[in-house]
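Here is a friendly walk through one structure, residue by residue and then pocket by pocket. Have the viewer open as you read.

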Amino acid sequence: MIETARGIAFAHKDRPGGLLPALHGIQDALGHIPAAAVPAIAGEFNLSRAEVHGVITYYHHFRATPPARHVIHICRAEACQSMGADALVAHARRQLGCELHGHSKDSEFTLEAAYCLGLCASSPAIQIGEELHARVTPAVFDELMAEVRCSA
């Protein structure tokens, strides 16, 4: 795990602004950015551990713990907010029993915020894994969760 992170960081260390692509690569490879890998990443970029940690915690996309089997992103951008995304987030939190950036009671779902999924004209939008869904109401959300649970 640490060697994977170090290798990805090494591949990006000489690129201007290479830290962000390296962090994306590490999360893509490992599912998260382990705290144990931060010193190796910092070493490759000649940064302090605090600087790397600051970047990881600043961006909502990065996670320090492994996600659940299914990751749900609910768009929180302005278009989706104007069409009911806040109510959808509240509903999802109640249904899954977790806050944003948390895991559901059954540990099957990770609930995340997204800031534009590109479906502004069909908002509110969510993404489950790699699949996008538009015009999601609380009732549609419940149907989607039932489908995901049945397909597992």
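Arg76 is buried in this predicted model, because its relative accessible area of 19% falls under the 20% cut-off. Along the chain, Arg76 sits in the loop that links strand 1 (70–75) to helix 5 (78–82). Its side chain makes a polar contact with the side chain of Asp86, at 2.8 Å. Asp86 also appears in the list of residues that Arg76 touches beyond four places in sequence, together with Gln81, Val89, Leu100, Ala113, Ala114 and Tyr115.

Thr110 makes a good second stop. This residue belongs to strand 3 (residues 109–114), and it is buried, with a relative accessible area of 2%. What does the side chain of Thr110 reach at 2.6 Å? The partner is the backbone nitrogen of Ala68. Setting aside neighbours within four places in sequence, Thr110 is in contact with Pro67, Ala68, His70, Val71, Ile72, Gly102 and His103.

Now for the cysteines. How many disulfides does a search of the whole structure find? The count is 0. Cys75 is worth a look here: its sulfur lies 3.5 Å from the closest cysteine sulfur, that of Cys80, and this is too far for a bond because a disulfide needs the two sulfur atoms within 2.5 Å. Cys75 is also buried, at 3% relative accessibility. Cys150 is in no disulfide either, and for this residue the nearest cysteine sulfur, in Cys98, is 19 Å away. Is Cys150 buried or exposed? Cys150 is exposed, with a relative accessible area of 69%.

The backbone has some points to check as well. Most residues other than glycine have a negative phi, and most peptide bonds are trans. Against that background, two residues with positive phi can be set side by side:

| Residue | Phi | Place | Relative accessible area |
|---|---|---|---|
| Asn46 | near 55° | loop between helix 3 (38–45) and helix 4 (49–58) | 72%, exposed |
| Cys116 | about 100° | loop between strand 3 and strand 4 | 41%, partly exposed |

Neither Asn46 nor Cys116 is a glycine. The loop that holds Cys116, between strand 3 and strand 4, is also where Pro124 lies, with strand 4 covering 126–128. Which form does the peptide bond from Ser123 to Pro124 take, cis or trans? This bond is cis, with omega near 0°.

Finally, the largest pocket. Its volume is about 180 Å³, and its lining is made up of Gln27, Asp28, His61, Arg63, Val71, His73, Gln127, Gly129 and Glu130. Which elements give two or more residues to this lining? They are helix 2 (19–30) and strand 1. By character, the lining residues divide into 1 nonpolar, 5 polar and 3 charged. Val71 ties two parts of this report together: this residue is in the pocket lining, and Val71 is also among the contacts of the buried Thr110.

If you would like to revisit a few places in the viewer, try the Arg76 and Asp86 side chains with their 2.8 Å polar contact, the sulfur atoms of Cys75 and Cys80 at 3.5 Å, and the cis peptide bond from Ser123 to Pro124.

Terms used
Residues numbered from 1 in each chain as written. Predicted model: local features only at pLDDT ≥ 70, side-chain atom pairs only at ≥ 80, totals over all residues. Heavy atoms only, no water. Helix = DSSP H or I, 4+ residues; strand = E, 2+ residues; numbered from the N terminus. Buried < 20%, exposed > 50% of the residue type's maximum accessible area, 1.4 Å probe, protein only. Polar contact = N/O pair within 3.5 Å; in protein donor to acceptor, adjacent residues only side chain to side chain. Contact = heavy atoms within 4.5 Å. 1 Å grid on protein atoms, 1.4 Å probe; cavity = no way out; pocket = protein on both sides within 12 Å on 5 of 7 lines; lining within 4 Å. Points joined across faces, edges and corners; volume = space filled by probe spheres on them. Nonpolar A, V, L, I, M, F, W, Y, C, P; charged D, E, K, R; others polar.
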